[in-house]
Amino acid sequence: MKLLLAFLLAGLLTIGCWNRPAVNPNYDFSTVGTIHLKPVYDHADMTGSGEIIESNLSFIFMKYGYDVSQTTEEGTSIHLENVGTRTLNLVCTITEFTDSEVIIVPYRLEDRGRTETTVTQLSESDAKENQAGATTSTITTAYAGSVQESGRIEYTRARVGIILKMTDQRTGHLVWSHSYWYSGLELHRTTEACVRNAISQVRKLFQ
C-alpha cells in the first residue's frame with residue numbers, strides 16, 4: 001500500500017501547465033533570422049537561478065539544432081535557418097524557483113478483517129447398505145480487522161515557473177508571449193523540463 005501511494009504521489013508531483021502561448025497573428029515570423037536572448041535575472045528567493053535558467057535555454061536551443069553563440073554581457077544569440085534579417089529579443093522572467101519543498105502526505109491503512117471457512121469431508125462405511133457414505137464438517141473462523149494511524153510519506157518537491165516574451169528588435173512590438181511552470185522531484189530535471197516545454201512552443205513559430 002505504501003509503495004502504491006509513493007508511485008501515485010510521484011506522478012502527481014511531476015506535472016506542468018500546458019496553456020497556449022499568445023501570438024501576434026499579423027507578424028511574419030519567416031522574416032526572422034535571429035533570436036537574441038537577454039540575460040536572465042535571478043529570482044528573489046534563489047541566487048544563481050537566472051544563470052541556471054539561461055544555461056538551460058541555451059542548452060535546449062542547441063539540442064533542437066539551432067546555432068547558439070553566447071557573449072558575457074549582451075546575452076545569447078540563437079541563429080535560425082530562416083534567411084530573414086529581423087531579430088527578436090527574447091526576455092525570460094522567473095516567476096517561481098523553489099527547491100527542496102517537503103511534502104508530507106499522511107495515510108491510513110485499514111484491515112477490514114476476514115472470515116475463513118474450512119470444509120472437511122470424511123468417508124465411512126455403511127455396513128447395512130454396503131455403500132460408501134460421506135460425512136462433512138464445516139468450521140468458520142473470523143479474524144478481527146485493524147486500523148493503522150499516523151503513517152506518512154515524505155517527498156521533496158521542486159517547482160519552476162517562467163514567462164517568455166519576444167519583441168521585434170526594430171519596432172519594439174510584442175509578437176509572442178508564453179508562461180509555463182513545472183513541478184517535479186529534482187530541481188535540475190524540473191528546470192530542464194520547464195524550459196524544454198516552453199521552447200518547444202517557440203520552435204512551432206519557425207516550422
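Q: At what angle do helix α2 and helix α3 pack, and how far apart are their axes?

A: Helices here are DSSP runs of H or I with at least four residues, strands are E runs of at least two, and both are numbered from the N terminus. An axis is a line fitted to C-alpha atoms, for helices over the stretch in contact, and an angle runs from 0 to 180 degrees between N-to-C directions. In this predicted model, α2 (residues 49-63) packs against α3 (residues 187-204) at about 50°, and their axes lie 9 Å apart. That angle makes α2 oblique to α3, given that angles under 35 degrees count as roughly parallel, over 145 as roughly antiparallel, 65 to 115 as roughly perpendicular and the rest as oblique.

Q: What should I know about the numbering and the values before going on?

A: Residues are numbered from 1 along each chain as its sequence is written, and side-chain values use heavy atoms, with hydrogens and water left out. Because the model is predicted, local features need pLDDT of at least 70 and side-chain atom pairs count only at pLDDT 80 or more, while totals for chains, interfaces and linings use all residues.

Q: Which residues of α2 and α3 meet?

A: Contact means heavy atoms within 4.5 Å. On the α2 side the residues are Ile52, Ile53, Asn56, Leu57, Phe59, Ile60, Phe61 and Lys63, and they meet Thr191, Glu192, Val195, Arg196, Ile199 and Val202 of α3. The residues of this contact divide into 9 nonpolar, 2 polar and 3 charged, where Ala, Val, Leu, Ile, Met, Phe, Trp, Tyr, Cys and Pro count as nonpolar, Asp, Glu, Lys and Arg as charged, and the others, Gly among them, as polar.

Q: Is Glu192 in α3 buried, exposed or partly exposed, and which residues does Glu192 touch?

A: A residue is buried under 20% relative accessible area, exposed over 50% and partly exposed in between, using a 1.4 Å probe and protein chains only. Glu192 is partly exposed, with a value of 23%, and, leaving out residues up to four places away in sequence, touches Asn56, Phe59, Ile60 and Lys63.

Q: Where is Met166, and how does its surface compare with those cut-offs?

A: Met166 belongs to strand β9, which covers residues 146-168, and is buried, with a relative accessible area of 0%. Although Met166 and Leu88 stand 78 residues apart in sequence, their C-alpha atoms are 6.0 Å apart in space. Leu88 is also one of the residues that Met166 touches, along with others including Ile35, Trp176, Val202 and Leu205.

Q: What can be said of Ile163 in strand β9?

A: Ile163 is partly exposed, at 32% relative accessible area. Its C-alpha atom is 5.7 Å from that of Cys92, a residue 71 positions away in sequence, and the contacts of Ile163 beyond four places in sequence include Cys92, Thr93 and Ser177.

Q: Where does Gly65 lie, and is Gly65 buried or exposed?

A: Gly65 sits in the loop between α2 and β4 (67-70), and is exposed, with a relative accessible area of 58%.

Q: How many helices and strands are there, and what share of the residues is buried?

A: The secondary structure comes to 3 helices and 10 strands, and of the 207 residues 35% count as buried. Among contacts with a separation of 6 or more, 73% are between residues 24 or more positions apart.
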